[in-house]
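Work through the exercises below with the model on screen. Try each task before reading its solution.

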Amino acid sequence: MTGLTFQATVEARRFDLALEVPEGTTLAVLGPNGAGKSTLLELVAGLLRPDSGAADWQGTAFFGPDGWLPPHRRGVALLAQEALLFPHLSVLENVAFGPRSAGDSRAASRATAQRWLDEVEAGDLAAKRPSELSGGQAQRVAIARALAADPALLLLDEPLAALDIAVTPTLRRMLRRVLAGRTAIIVTHEVLDALTLADRVVVLGHGGVVEQGDTREVLERPRHPFTAELAGLNLLLGRAVVGGLDTPVGTVAAATGLAVGTRAGAALRPSAITVHASEPRARAGVDVMRIEVRDLEPRGDAIRVRTDDLFADITPAQAAALDLVPGSAAWFAFATEDVSVYAL
Amino acid sequence: MTNTSAVPRWIVAIAAIGAVFVLLPLVAMTTRVDWSQFVALISSPASRDALALSLRTSLAATALCIVLGVPMSLVLARTSFPGARVVRALVLLPLVLPPVIGGIALLAAYGRMGLLGRTFEVLGIQIAFSTTAVVLAQAFVALPFLVLSLEGALRIAGTRYEAVAATLGASPSTVLWRVTMPLVLPAVLSGAVLSFARALGEFGATLTFAGSLQGVTRTLPLEIYLQRETDPDAAVALALVLVVVSLLVVGLTLRTSAITRRSIL
């Protein structure tokens with residue numbers, strides 16, 4: 001196949017992973033800290049040597065039994081959380097660094113640099129020093145610098161994580177524009193980054209790949225509790241019964257269309273759940289479950305009520321009225337139309 | 001500068017005693033200078049020869065330190081090889097070795113009967129007791145200053161910028177010239193200034209390995225030592241000249257290290 005095929009182990013970091021990135025697609029790698037996301041990028045970029053494994057890009061071996069290609073011959077640009085602009089060079093010289101290293105003349109590389117600076121709407125920063133830039137501006141320049149090197153493969157390591165929240169939407173949109181049609185791997189813990197930027201997603205747990213597939217498919221219909229948590233969804237796992245899904249917390253009434261006995265999952269947004277201190281009146285199309293509350297977690301303007309199986313987001317006013325404490329039982333209700341049931 | 005963290009007064013008192021300990025001898029020396037004869041004393045042919053030779057050889061030794069020391073620092077800071085710690089310790093040895101021993105060692109290597117000296121002899125080159133020997137002796141004792149300060153700077157600078165440069169397609173040599181060296185340039189400068197200062201003050205190794213021949217190997221410290229026997233006034237006057245030159249060097253080092261700190265922050 002064309003694109004990147006990758007398999008490597010790094011014993012010191014307990015890293016063992018295999019994946020593929022078809023040419024022209026963007027792969028998002030989601031996972032908790034320590035799952036090996038950054039190690040993956042270092043291996044692909046050539047900043048780290050694996051203990052074993054092989055990686056191949058369009059027929060060129062990055063590493064493998066036949067040898068090891070140094071980073072500057074790989075055509076792989078790495079964009080990190082921090083911009084890491086060379087402090088002794090101007091913005092324009094920073095962006096011209098890649099073309100200049102590739103052997104372009106000073107004039108040609110500067111022209112290329114100016115073009116990419118304009119592309120990321122930072123053309124007016126060309127003469128500035130990196131120390132004069134804001135975080136968002138620096139990251140824009142870093143993106144221009146990475147793209148000006150004309151990389152075949154672009155690696156992004158949480159490119160928006162260190163930025164002020166006010167500038168991330170614009171930068172995310174810009175990244176979507178420049179990543180279109182490119183082969184890229186983006187490491188992130190932001191589901192929004194994955195949904196905006198990636199065609200496919202790989203979810204890593206501490207033991208390796210938890211699940212992978214089409215971004216929307218994976219994130220809207222998670223098959224693994226860990227993925228559901230990342231995507232901010234409740235996931236109830238169970239088996240299809242007549243008229244619904246049998247789960248550990250009760251039967252979710254839904255028109256599943258699944259054969260009885262099929263293993264299935266039910267995904268549910270936490271904001272679609274209402275919490276009641278006493279049993280609400282039964283209504284058609286509404287599922288009600290009585291579950292013990294484990295803890296309450298303030299999250300900005302909402303309170304997340306957690307149980308062992310479900311979590312629901314309610315307002316502080318509702319939380320105060322309900323007077324919930326860990327250990328007390330509450331009734332969780334949701335409309336069946338808000339539940340998405342799918343076979344696993 | 002404002003002092004935000006309080007230092008106990010007794011610490012300040014001891015520090016003051018330390019400062020007096022360093023400054024008192026220098027002040028005392030200036031009181032011994034015969035100012036009416038000062039210019040005449042420092043401008044005698046022997047003095048001028050010694051000063052010129054000192055500056056010339058110290059500059060040459062500094063250049064040698066840069067040429068050899070920068071690659072040594074890079075290898076020590078950026079690579080790992082078996083025995084690296086031993087190599088680092090040996091390279092830094094001249095820092096703690098009595099310079100006379102350095103001179104004896106240099107003689108053993110490059111002297112007429114030395115390890116390489118015999119080879120040079122065949123080629124018609126004699127190193128010991130020449131101006132070249134002065135430069136070698138100075139470089140031998142000054143090299144660790146440059147290696148030590150540059151290796152530290154390289155480690156502080158880290159490899160992140162170098163990694164970025166490599167992924168942008170820069171070969172290791174390009175990374176060195178366009179990223180690594182510009183980033184540690186202030187450390188190279190301050191290391192070179194320190195090496196120059198050490199070379200300028202070099203005495204023991206020079207005397208042992210190069211001798212004391214006016215205009216050829218008799219540098220300013222040697223001249224001062226010699227004059228002390230015959231003309232103490234001239235020795236004090238020349239000593240003051242060396243103090244002033246050293247002060248300039250120290251001032252320069254502080255300035256460059258301030259620049260280093262600024263560029264890191």
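This is a predicted model: local features need pLDDT of at least 70, side-chain atom pairs count only at pLDDT 80 or more, and totals for chains, interfaces and linings use all residues. Residues are numbered from 1 along each chain as its sequence is written, while chains are lettered from A and ligands numbered from 1 in the order in which they are written.

**Exercise 1.** Find the order of the strands in the open sheet of five strands in chain A.

Solution.
- Start with the terms. Strands (E, at least two residues) and helices (H or I, at least four) are DSSP runs, numbered from the N terminus. Two strands pair if DSSP finds at least two bridges between them.
- Read across the sheet: β2-β1-β4-β5-β6 of chain A, with antiparallel pairing.
- Now the edges. β2 (15-22) and β6 (67-68) of chain A each pair on one side only.

**Exercise 2.** Which residue stands opposite A:Phe63?

Solution.
- Go to β5 of chain A, residues 60-64. Two bridges link β5(A) to β6(A), in the antiparallel sense.
- In β6(A), A:Trp68 stands opposite A:Phe63.

**Exercise 3.** Is strand β15 of chain A mostly covered or uncovered? Trace its partners too.

Solution.
- Count buried residues (20 or more other C-beta atoms, placed from the backbone, within 10 Å of their own). In β15(A), residues 263-268, five of six are buried, so the strand is mostly covered.
- β12 (234-241) of chain A runs antiparallel to β15(A), with six bridges. Here A:Gly238 stands opposite A:Ala264.
- β22 (340-343) of chain A also runs antiparallel to β15(A), with four bridges. Here A:Ala267 has A:Ser340 as its bridge partner.

Technical notes:
Buried ≥ 20, exposed ≤ 12 C-beta atoms within 10 Å, placed from the backbone.
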